[in-house]
Amino acid sequence: MKYKFNQTGKFLGSGGEYKSAHTVLAGLPFDATTSFRPGARWGPQAVRNVSEVLEEYSPRLNRDLSEVSFYDAGDLDLVPGRVEVNLERMEAAAAALFQDGKLPLFLGGEHLISYPLIRAARRHYPDLAVLHFDAHADLREEYLGERLSHATVMRLVAEEIGPGNLYQFGIRSGTWGEFAYGQEETNFFMDVITQPLARLVPEFGSRPLYVSIDIDVVDPAFAPGTGTPEPGGCTPREILEAIYLLSRARVVAFDLVEVCPAFDQANITSALAAKILREAILAWSR
């Protein structure tokens, strides 16, 4: 590949070569704007390490990882402390994946990584829609004086793709202004996931979808290892159901962010992230 990735372990069932793979996993170990508990940069490797607890076979999908063309590229080389430089590097790496015809699955890292990835996706798919699953609206115009933040990422995305092309699910935390903006401008589904998604999937048809899951959309009882836990979230079964519903849509890219291993008792958050990723690979890969 054009951009340098470090091989620091492999996700369950990955193998083969980049050139022949349909689906490519890329780690983005970045958490420069984390506002509460840092450490999400260690998420990609933690999820890889714990993935071995899973089987390669999914009973729900009746499919095995051995049946898909899936390559783990490793973690993208990033420069410590350089936010804009790293965002540019992520965008360029994502653009290369789209240009090569891959289905990229990105593993964070904090949620700001979604912004450069979606910028690259939209250039390749001009009619892109973004599906955002999160506890937090992430719609602030700035946070602590900074425009580039994991707290502003979906406002940046909305301005990039148009707020009417942003669909937000499971939101249960944010400022009054964020909720007002979301309810007026985006497709904003407060505290719910599967019911509106089931209705929307047939409407999407063949439209290209970028899916972004912040692990804190799941209640911290099931996913404590995250930077900004918010009580009152969905169950693991609900977020997995969203993956299955999207098997009937055209997902062209995916990111899973905000796993923070330092606060992950018994690796339960990393294990959940690994299962979400396994089901996404099996549901959306050729």
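A residue is called buried here when its relative accessible area is under 20%, exposed when it is over 50%, and partly exposed in between, using a 1.4 Å probe and protein chains only. Helices (H or I, at least four residues) and strands (E, at least two) are DSSP runs, numbered from the N terminus. The model is a predicted one, so local features need pLDDT of at least 70 and side-chain atom pairs count only at pLDDT 80 or more, while totals for chains, interfaces and linings use all residues. Residues are numbered from 1 along each chain as its sequence is written, and side-chain values use heavy atoms, with hydrogens and water left out.

Helix α7, spanning residues 236-245, is a good place to start: it is mostly covered, with seven of its ten residues buried. Those seven are Pro-236, Ile-239, Leu-240, Ala-242, Ile-243, Tyr-244 and Leu-245. They pack against two strands, β7 (129-133) and β10 (208-214), and two helices, α6 (194-204) and α8 (268-284). Contact, here and below, means heavy atoms within 4.5 Å.

Next come the cores. A nonpolar core is a set of buried Ala, Val, Leu, Ile, Met, Phe, Trp, Tyr and Cys residues joined through side-chain atoms within 4.5 Å. In soluble globular proteins, nonpolar side chains tend to be buried together. The largest core in this model has 53 residues, and the members touching the most others are Leu-131, Phe-133, Ile-213, Leu-246, Phe-254, Ile-276 and Trp-284. Helix α8 gives the most to this core, supplying ten residues. A second, separate core holds 44 residues, including Leu-28, Leu-76, Phe-106 and Ile-161. As for Phe-254, once residues up to four places away in sequence are set aside, its partners are Pro-104, Leu-105, Phe-106, Tyr-210, Val-211, Ile-213, Ile-276, Leu-277, Ala-280 and Trp-284.

Two packed helices are described by the angle between their axes and the distance between the axes. The axes are lines fitted to C-alpha atoms, for helices over the stretch in contact, with angles running from 0 to 180 degrees between N-to-C directions. Angles under 35 degrees count as roughly parallel, over 145 as roughly antiparallel, 65 to 115 as roughly perpendicular and the rest as oblique. For α3 (residues 114-124) and α4 (residues 153-161), the axes come within 9 Å and cross at roughly 15°, which makes α3 roughly parallel to α4. The crossing of α3 past α4 is right-handed, meaning that the near helix is turned clockwise from the far one by less than a right angle, whereas an anticlockwise turn would be left-handed. On the α3 side, the contact is made by Ser-114, Tyr-115, Ile-118, Arg-119 and Arg-122, and on the α4 side by Val-153, Met-154, Leu-156, Val-157, Glu-160 and Ile-161. Sorted by class, this contact has seven nonpolar, one polar and three charged residues. Nonpolar covers Ala, Val, Leu, Ile, Met, Phe, Trp, Tyr, Cys and Pro; charged covers Asp, Glu, Lys and Arg; the others, Gly among them, are polar.

The pairing of α1 (residues 43-50) with α8 has axes that come within 8 Å and cross at roughly 80°, so α1 and α8 are roughly perpendicular to each other. Here Ala-46, Val-47 and Val-50 of α1 meet Ser-270, Ala-271, Ala-273 and Ala-274 of α8. That contact divides into six nonpolar residues, one polar and no charged.

Helix α8 also contains Leu-282, which counts as buried at 3% relative accessibility. Leu-282 and Val-68 sit 214 residues apart in sequence but 7.2 Å apart in space, C-alpha to C-alpha. Beyond its neighbours within four places in sequence, Leu-282 is in contact with Glu-56, Ser-58, Leu-61, Arg-63, Asp-64, Leu-65 and Val-68. Over in strand β10 is Pro-208, buried with a relative accessible area of 0%. Its C-alpha is 5.2 Å from that of Leu-128, with their positions 80 residues apart in sequence. Neighbours within four places aside, Pro-208 is in contact with Tyr-125, Asp-127, Leu-128, Ala-129, Arg-250 and Val-252.

A few backbone oddities round things off. The peptide bond from Gly-108 to Gly-109 is cis, with omega near 15°, and Gly-109 lies in the loop between β6 (103-108) and α3. Leu-144, in the loop between β7 and α4, has a positive phi near 55° despite being a residue other than glycine, and it is exposed, with a relative accessible area of 74%. Ala-266, in the loop between β11 (250-257) and α8, also has a positive phi, of about 60°, although it is not a glycine; at 70% relative accessibility, Ala-266 counts as exposed.
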